Amino acid sequence: MTFLGLGSNIGDKYANLMFALDELSKHPHIWIRKKSFIYESKPMYVHNQPNYYNMVIEIDTNFEPFELLDYIKKIEIKSGRTASKIKNMPRTLDIDILAIDDLLIRSDVLNIPHIYIKDRRFVLKPWLDIAPDYILSSEKKSIAYLLKHTSDTSKLNLILETDKN
């Protein structure tokens, strides 16, 4: 199981997320299995920017992790995302690899599982929609447990329901 987190806070945020889903599903080596609901959240670190729309998807792929990373970076650029040396700035599209089975990778360019999952309600809540019992290998806890015990108390608003296959 591979889980991706998708987020957007510039332009038509819903359309940006749908663009990402379309680009991912067009690739012959990526199959979208489940999609969460979409949630709106306030920006976490740099507050003077628009709110985010976030969702989590489960995919199957035969890409190696770094190949998947390269492909999702191309989707981000195709969506209009521009490179910024400052972290956590507004973006048309952000796609993070959250977890791949029980794989553990720590490198300068890729961390799997994503290192901040347990501190991000905007990731945990949509993930709960599609895989509440998934055990995050780095924490040895389920997504449901991590959401219940996260230190992040931010509020999320359900934006709209997506087709949950």
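**Exercise 1.** In this predicted model, find which residues L68 is in contact with, leaving aside its neighbours within four places in sequence, and then place L68 within a nonpolar core.

*Solution.* Begin with the contacts: beyond the neighbours within four places in sequence, L68 touches T2, L4, I30, I59, T61, F63 and I97. Next, turn to the largest nonpolar core, which has 25 residues, and note that L68 is listed there with L4, L6, L24, I57, I95 and I97 as the members that touch the most other members. Then ask where the core residues come from: β1 (2–8), α1 (13–26), β4, α2 (65–78) and β5 (94–100) each supply at least two of them, and α2 gives the most, with five residues. Finally, another core of 16 residues lies apart from this one, and among its members are L98, W127, I143 and L146.

**Exercise 2.** Decide whether T61 is buried, partly exposed or exposed, and describe the polar contacts of its side chain.

*Solution.* T61 is found in strand β4. Its relative accessibility is 22%, and because buried would require a value under 20%, T61 counts as partly exposed. As for polar contacts, the T61 side chain reaches the backbone oxygen of H29 at 2.7 Å, while a polar atom of that side chain lies 3.0 Å from the backbone nitrogen of F63.

**Exercise 3.** Decide whether N54 is buried or exposed, and name the side chain with which it makes a polar contact.

*Solution.* N54 also belongs to strand β4, which covers residues 52–61. With a relative accessible area of 6%, N54 is buried, and its side chain is joined to that of S41 by a polar contact of 3.0 Å.

Notes: Residues are numbered from 1 along each chain as its sequence is written. This is a predicted model: local features need pLDDT of at least 70, side-chain atom pairs count only at pLDDT 80 or more; totals for chains, interfaces and linings use all residues. Side-chain values use heavy atoms; hydrogens and water are left out. Helices (H or I, at least four residues) and strands (E, at least two) are DSSP runs, numbered from the N terminus. Buried means under 20% relative accessible area, exposed over 50%, partly exposed in between (1.4 Å probe, protein chains only). A polar contact is a pair of N or O atoms within 3.5 Å; within protein, one must be able to donate a hydrogen and the other to accept it, and residues adjacent in sequence count only if both atoms are side-chain atoms. A nonpolar core is a set of buried Ala, Val, Leu, Ile, Met, Phe, Trp, Tyr and Cys residues joined through side-chain atoms within 4.5 Å. Contact means heavy atoms within 4.5 Å.
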